[in-house]
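Okay, thanks everyone. I'd like to walk you through one structure today, so have a look at the screen.

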Amino acid sequence: APGQLYECPAGKVAVVSVNLCNRAAGRAKVGLALKAGGDAVAAGDWIEFDTPVNPAGSVDGSVLERTGIVLKAGDRLWVSSDVAGVNARVWGMVEDV
């Protein structure tokens, strides 16, 4: 099941980047969803879905990074992975509306 990674605070707008790093020994399938409020992620909310991320130490890399994601107040980012060992980090800037 997807887990909530970030929610843009009330009265704010955010521009963020997300990094999903696969530390596992095998390939991971990861997802990233952008949801306008609410708790249930719908099929149309996914901006990455079952995207393969290579295992740690792979010469092809083991990271998925999405940049320039714009969120308005109440928007939430959700992540999913089919394996344990995937780290998710979000960073960026938040401004008053």
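I'll start with the overall fold, then go to the core, and finish with one residue.

Just so we're clear, this is a predicted model. What you see is seven strands and zero helices, so the order from the N terminus is simply β-β-β-β-β-β-β. The radius of gyration comes out at 14 Å, close to the 13 Å that the globule rule gives for 97 residues, so the protein is as compact as a globular protein of that length. Along its principal axes, the C-alpha trace spans about 40 × 25 × 15 Å. And if you take contacts between residues at least 6 apart in sequence, 79% of them join residues at least 24 apart.

Now, the inside. Buried residues are 34% of the 97. The largest nonpolar core has 16 residues, and Leu20, Ile69, Leu71 and Leu77 touch the most other members. Strands β2, β3, β5 and β6 each give two or more residues to this core, with β2 giving the most, four. Take Leu77: beyond four places in sequence, its contacts include Val16, Val18, Leu32, Leu34, Ile69, Leu71 and Val90.

Last one: Val86, in strand β7. Is Val86 buried or exposed? Neither, really: its relative accessible area is 23%, and buried means under 20%, so Val86 counts as partly exposed. Leaving aside neighbours within four places, Val86 is in contact with Leu20, Cys21, Asn22, Ala28, Val30 and Ser81. Its C-alpha is also 9.7 Å from that of Pro55, 31 residues apart along the chain.

Methods. Residues numbered from 1 in each chain as written. Predicted model: local features only at pLDDT ≥ 70, side-chain atom pairs only at ≥ 80, totals over all residues. Heavy atoms only, no water. Core = buried A, V, L, I, M, F, W, Y, C linked by side-chain atoms within 4.5 Å. Buried < 20%, exposed > 50% of the residue type's maximum accessible area, 1.4 Å probe, protein only. Contact = heavy atoms within 4.5 Å. Rg over C-alpha atoms; globule rule 2.2 N^0.38 Å.
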